[in-house]
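Let's take a friendly walk through the charged side chains and a few other spots of this chain. Have a look at the sequence and the structure first, and then read on.

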Amino acid sequence: MKLFHEMFERVDETTGTNEKIAALVSYFEKASLHDKVWAALLLRGRVRRTPLTSLRFRQAFARLSGTPAWLLDECYSHVGDTGETLALLMHAGMLPLKPMPKERSLHEWMTEELTGLRDLDDRELDERLIAIWNSAHPAHWFLINKLLTGAFRVGVSEKLVLKALSRVTGDSESFWHQWLMGKSDRD
């Protein structure tokens, strides 16, 4: 997750196309195959499953922190993003967290940590969220929260992702477009 977080921050901090492509290329050169696929899906907005709705996520945070719903709503109205709002409140000490980060890949987060949350009752969800946040580095809370709500957006177009993959591998952008859509003739 550290590598994905670094790329996310680099992309988020710049408006320059070349800098964004450079950040993507650097990530795709270093990441494992599983992480590359997840990153390409996330960056292109192709992950359709949402671990938690924003409402349920805020409700869980309210239960865990004792924060009144009206105050969370007010904070959200100023920030405009549930994941970011809750990350800011977490960094402000609104939850009794004791982070003991475990380095996991993006693939592990997506397939192990952030799955099955919708099916949990409130008590189980609260316990699982605390465990997730405690196992993540605090610098990654914002990104984890974005993944939890499925509201993962960063200023990268599909074209930039395809261009970066093409530069890393030497394959054409159209090949990557077809491959990521599951329509490639090549294995």
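## Confidence in the model

This is a predicted model, so a word on confidence comes first. The chain has a mean pLDDT of 90, with 97% of its residues at 70 or more. Among the elements of the chain, the highest mean pLDDT, 96, belongs to helix 8 (residues 122-135), while helix 11 has the lowest, 87.

## Salt bridges between helices

How many salt bridges does the count come to? The total is ten. One of them joins R58 and D73, with 3.9 Å from N to O. This pair ties together distant parts of the chain: R58 sits in helix 4 (residues 54-65) and D73 in helix 5 (residues 69-79), 15 residues apart. The two partners differ in their surroundings. R58 counts as buried because its relative accessibility is 17%, under the 20% cut-off. D73, on the other hand, has a relative accessible area of 43% and is therefore partly exposed.

Another bridge is formed by E173 and K163, whose closest N and O atoms are 3.5 Å apart. Here too, distant parts of the chain are linked: E173 belongs to helix 11 (residues 173-180) and K163 to helix 10 (residues 158-169), and their positions lie ten residues apart in the numbering. Are these two residues buried or partly exposed? E173 counts as partly exposed because its relative accessibility is 21%, and K163 falls into that class with 24%. For both, recall that buried means under 20%. If you are following along in helix 11, remember that this helix has the lowest mean pLDDT among the elements of the chain.

## A buried pair and a network

R104 and E113 are also worth a visit. Their side chains meet in a salt bridge, at 3.3 Å from N to O. Both R104 and E113 are buried.

Some salt bridges join up further. Which residues are linked in a network of salt bridges? They are R56, R63, D122 and D126.

## A negative patch on the surface

Turning to the surface, you will find a negative patch made by E6, E9, D12, E13 and E84. Helix 1 (residues 2-12) supplies the largest share of this patch, namely three residues.

E13, one of the patch residues, lies in the loop between helix 1 and helix 2 (17-30). Is E13 buried or exposed? E13 is exposed, because its relative accessible area is 64% and the cut-off for exposed is over 50%.

## Two distances across the chain

Finally, here are two pairs of residues to find in the viewer. T111 is placed in helix 7 (residues 106-113) and counts as partly exposed because its relative accessibility is 32%. Between the C-alpha atoms of T111 and S172 there are 29 Å, with the two residues 61 residues apart along the chain.

R49 is found in the loop between helix 3 (33-43) and helix 4. With a relative accessible area of 36%, R49 is therefore partly exposed. What separates the C-alpha atoms of R49 and T149? The separation is 9.3 Å, although R49 and T149 are 100 residues apart along the chain.

Key
Residues numbered from 1 in each chain as written. Predicted model: local features only at pLDDT ≥ 70, side-chain atom pairs only at ≥ 80, totals over all residues. Heavy atoms only, no water. Salt bridge = Lys/Arg side-chain N within 4 Å of Asp/Glu carboxyl O. Helix = DSSP H or I, 4+ residues; strand = E, 2+ residues; numbered from the N terminus. Buried < 20%, exposed > 50% of the residue type's maximum accessible area, 1.4 Å probe, protein only. pLDDT = per-residue confidence, 0-100. Patch = residues over 30% accessible without salt bridge, like charges linked within 9 Å, V, L, I, M, F, W, Y side chains within 5 Å. Areas by Shrake-Rupley, 256 points an atom, 1.4 Å probe, with all protein chains shown as cover. Lys, Arg positive; Asp, Glu negative; His and termini not counted. Charge placed at Lys NZ, Arg CZ, Asp CG, Glu CD.
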